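Thank you all for making the time this morning. I would like to walk you through one model, chain by chain, and then turn to where the chains meet.

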Amino acid sequence: MVQPKDPPRSFLARSKILTLLRRHLPLIILLFAALVIRILIFQNVTPMVNTDSVTYLVLRDLEPVRTPGYPLFIEVIQFFNDFFSMTSRYLRLIIFLQIFLLGMLNTYLAYALSKLLTRSEGFAFLMGLIFNFDYFVIGFEFLILTETLTLTLLGLTLLFYLKIFKGRTLAPYLAGLFSVWLLLTRPTFTGFFAVLLGATVLIHPRQVVQGVYLKRYGKPLAIFLLINLLGIGSWSLRNKVKYDFFGISNILPYQLGYHTQRFYWKYKKGSDPELDKYAQILIEEKGMPYNFGYRLSTEFHMSEAEISRVLMKLNVKLIKENFRDYLNQVPYAAIDYYDYSWFWTLPHNKTLFFQIKFLARLFKFFFNIYACVFKNVISLLSLILVVPVAFIITSRQSKDVFHLLWLSEGAIHYNFLVSVLLTNAGMNNLRFRVPLEPFILLIFYSALFTWGRSIFRRILKLRAAG
Amino acid sequence: MGLPLGKKLWIAGLLFFLVATPGLYFFRKETYALNKTVRLVSLRIFEYEELSRHRVFRYKIEFQRDYYKVYLLIPSPEKRWKEIVMIRYEDAVETSMSGFALEIDRGNIVSYDWPAGGRILRPSIVLRFFPAKNSSKQSGILFYKNGTWRALKRCYGAA
């Protein structure tokens with residue numbers, strides 16, 4: 001009898017590759033589309049800097065208000081550029097990596113998280129595509145600001161945090177490292193690890209009380225927690241040694257200053273003569289925190305740490321004594337946070353949109369829809385509260401989806417609260433929402449899709465039964 | 001080992017990267033220091049251009065053989081320059097244009113000055129940098145008379 005011959009190895013390899021390609025075809029098409037969109041954008045934008053972006057350009061010049069996450073990303077890019085003499089267009093190189101590395105990664109994350117939420121390849125493909133038409137978010141890929149990196153790190157933190165519960169060995173380390181990088185990119189995320197852990201405990205109360213959860217996930221969750229605490233502690237220690245203040249950034253008093261700027265003249269003198277002296281300067285500077293800081297550094301030769309301590313004391317006293325005035329600012333800060341505008345990309349839009357007319361039409365189409373939704377209180381509340389809550393309730397049977405929804409909602413509302421309670425800076429507040437925007441939309445669209453699918457399936461069942 | 005191919009490739013790539021980078025650094029140390037110097041000077045010019053635009057300040061950057069200083073114009077009646085920072089070039093990189101200074105006002109370079117060459121009237125000038133041990137390897141920044149400028153990957157000609 002003739003034995004059948006084994007197929008040649010090259011044939012096996014080819015068929016393996018073909019199977020792999022076929023299995024990931026939607027993702028490959030999505031990434032290809034994202035690449036084409038980015039090539040069109042990249043060749044038509046001119047990199048620009050603004051007052052914030054110049055503070056990130058040189059890692060070693062980092063001011064104590066800044067954290068090293070984004071400067072480190074820039075430094076790594078520039079290190080390889082210096083090493084291999086690739087280009088002397090430094091700003092263009094940064095946006096190149098942001099657009100093609102982070103942008104593509106963000107597209108993948110939108111796809112992966114949608115797939116986790118709905119278990120539908122087609123929907124995940126669509127969500128990835130819609131993400132690429134949201135110019136409010138992808139417009140930040142060519143700005144030298146922290147938003148795009150924050151979105152990537154937030155997505156990666158969530159993804160790896162979820163993998164902890166799949167028993168992956170490396171997941172707690174990676175989730176911890178991405179979470180630390182995230183909080184060192186955007187200090188408002190300092191408490192985010194606690195939100196993640198809190199959400200996990202909150203939705204598994206019985207298992208936590210019975211000790212089952214601790215037995216199974218205690219070690220990886222402890223690793224995740226420890227890495228976060230180490231990350232925060234080590235950068236705070238560095239600041240203590242270098243600038244004599246313990247904390248990851250001294251930006252908070254300056255951010256609070258935007259709130260107290262509205263009622264600085266109500267400062268009540270008499271409790272602390274030294275503080276009163278500084279309060280007089282704050283009043284002379286019309287409550288403007290950076291001008292106040294400049295006066296203290298030039299007139300009193302105070303260090304950055306001392307200035308931020310004084311400013312913090314003044315802010316706390318002002319807020320305590322005028323709590324109603326402070327609370328009155330919060331709704332305005334919230335309105336600014338959920339505003340919808342292309343303010344940050346305006347200098348680029350005219351030239352860019354002229355060059356990419358078809359894409360610009362798509363961008364404008366989605367802009368008009370989202371602007372309508374975000375600028376109307378009822379539709380906004382549906383988008384950020386009603387639909388997500390209903391989705392959480394209807395998904396409680398599906399353990400993974402339920403968990404991911406709680407974590408994402410935790411991120412969305414945590415960022416909202418921190419941004420709104422601590423700053424009131426108009427267009428800056430709008431910018432703080434950017435990394436969370438894809439999550440807000442993702443949950444909304446996923447809810448509609450899941451409900452639509454289940455109604456459709458029921459109709460089919462009824463028809464089959466009838 | 002029972003590791004899947006993907007993981008093996010990751011580990012091999014990581015090991016290669018960890019071994020190759022220090023090795024390559026040894027061979028490209030000079031080029032790296034030169035490029036880094038030009039890059040840091042360029043990025044700081046961007047920074048002071050933007051700060052001067054935002055704060056309506058006037059800055060002066062003065063380049064010496066192995067360091068440069070940044071000054072801020074104090075708008076008091078006597079109008080004096082106050083030194084705000086002194087930075088050394090990377091790892092024994094130098095410039096031959098000692099004393100070359102540029103002033104930045106409201107976001108633009110408004111004047112160039114070079115004691116050795118007097119007030120600069122040429123349409124453009126190159127601020128060259130080179131490693132102290134090898135002056136033939138040069139990189140620099142090209143400044144145009146109208147205040148625009150760009151970094152150069154390589155410069156040719158005498159330092």
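Of the 466 residues in chain A, 39% are buried, where a residue counts as buried if 20 or more other C-beta atoms lie within 10 Å of its own, as exposed if there are 12 or fewer, and as partly exposed in between, with the C-beta atoms placed from the backbone. Please keep in mind that this is a predicted model, in which local features need a pLDDT of at least 70 and side-chain atom pairs count only at pLDDT 80 or more, whereas totals for chains, interfaces and linings use all residues. Residues are numbered from 1 along each chain as its sequence is written, and chains are lettered from A, with ligands numbered from 1, in the order in which they are written.

Let me stay with chain A. There are 22 helices and zero strands in this chain, and by helices and strands I mean DSSP runs numbered from the N terminus, H or I over at least four residues for a helix and E over at least two for a strand. The C-alpha atoms of chain A fill a box of roughly 105 × 60 × 45 Å along the principal axes. The radius of gyration of chain A is 25 Å, which agrees with the value near 23 Å for a compact globule of 466 residues; the radius is taken over C-alpha atoms, and the globule rule is 2.2 Å times the number of residues to the power 0.38. Among contacts in chain A between residues at least 6 apart in sequence, 74% join residues at least 24 apart, a contact being two residues whose backbone-placed C-beta atoms lie within 7 Å.

As one example from this chain, take helix α9 of chain A, residues 192-203. Its 12 residues should span 16 Å at 1.5 Å a residue, and the end C-alpha atoms are 17 Å apart, which agrees; the expected span is 1.5 Å times one less than the number of residues. Which residues of α9(A) are buried? They are F192(A), F193(A), L196(A), A199(A) and T200(A). Seen down the axis of α9(A), these buried residues fall within an arc of 130°, so they line one face of the helix, the arc being that of the directions from the helix axis to the C-beta atoms. In general, an α-helix has 3.6 residues a turn, so residues three or four places apart point the same way. The buried residues of α9(A) pack against α7 (147-164), α8 (171-185), α11 (212-243) and α20 (399-422) of chain A.

Two further residues of chain A deserve a brief look. K286(A), in the loop between α13 (273-284) and α14 (289-299) of chain A, has a phi near 55°, a positive value in a residue other than glycine, and K286(A) is exposed, with 11 other C-beta atoms within 10 Å. I369(A) lies in helix α18 of chain A, residues 357-374, and counts as exposed, with 10 C-beta neighbours inside 10 Å.

Now to chain B. Chain B has two helices and 10 strands, and from the N terminus on, the two helices come before the strands, in the order α-α-β-β-β-β-β-β-β-β-β-β. The radius of gyration of chain B is 20 Å, whereas a compact globule of 159 residues would have one near 15 Å, and the C-alpha atoms of chain B fill a box of roughly 75 × 35 × 25 Å along the principal axes. Buried residues make up 30% of the 159 residues in chain B.

Among the strands of chain B, β1 (residues 58-63) pairs with β5 (residues 100-105) in the antiparallel sense over six bridges, where pairing requires that DSSP finds at least two bridges between the strands. In that pairing F63(B) stands opposite F100(B) in β5(B). β1(B) also pairs in the antiparallel sense with β2 (residues 67-74) of chain B over five bridges, with I61(B) opposite V70(B) in β2(B), and a hairpin of three residues joins β1(B) to β2(B).

Finally, where do the chains meet? The contact takes 18 residues from chain B and 12 residues from chain A. On the side of chain B that touches chain A, α2 (29-55) and β10 (149-155) of chain B each supply at least two residues, and the largest share, 14 residues, comes from α2(B).
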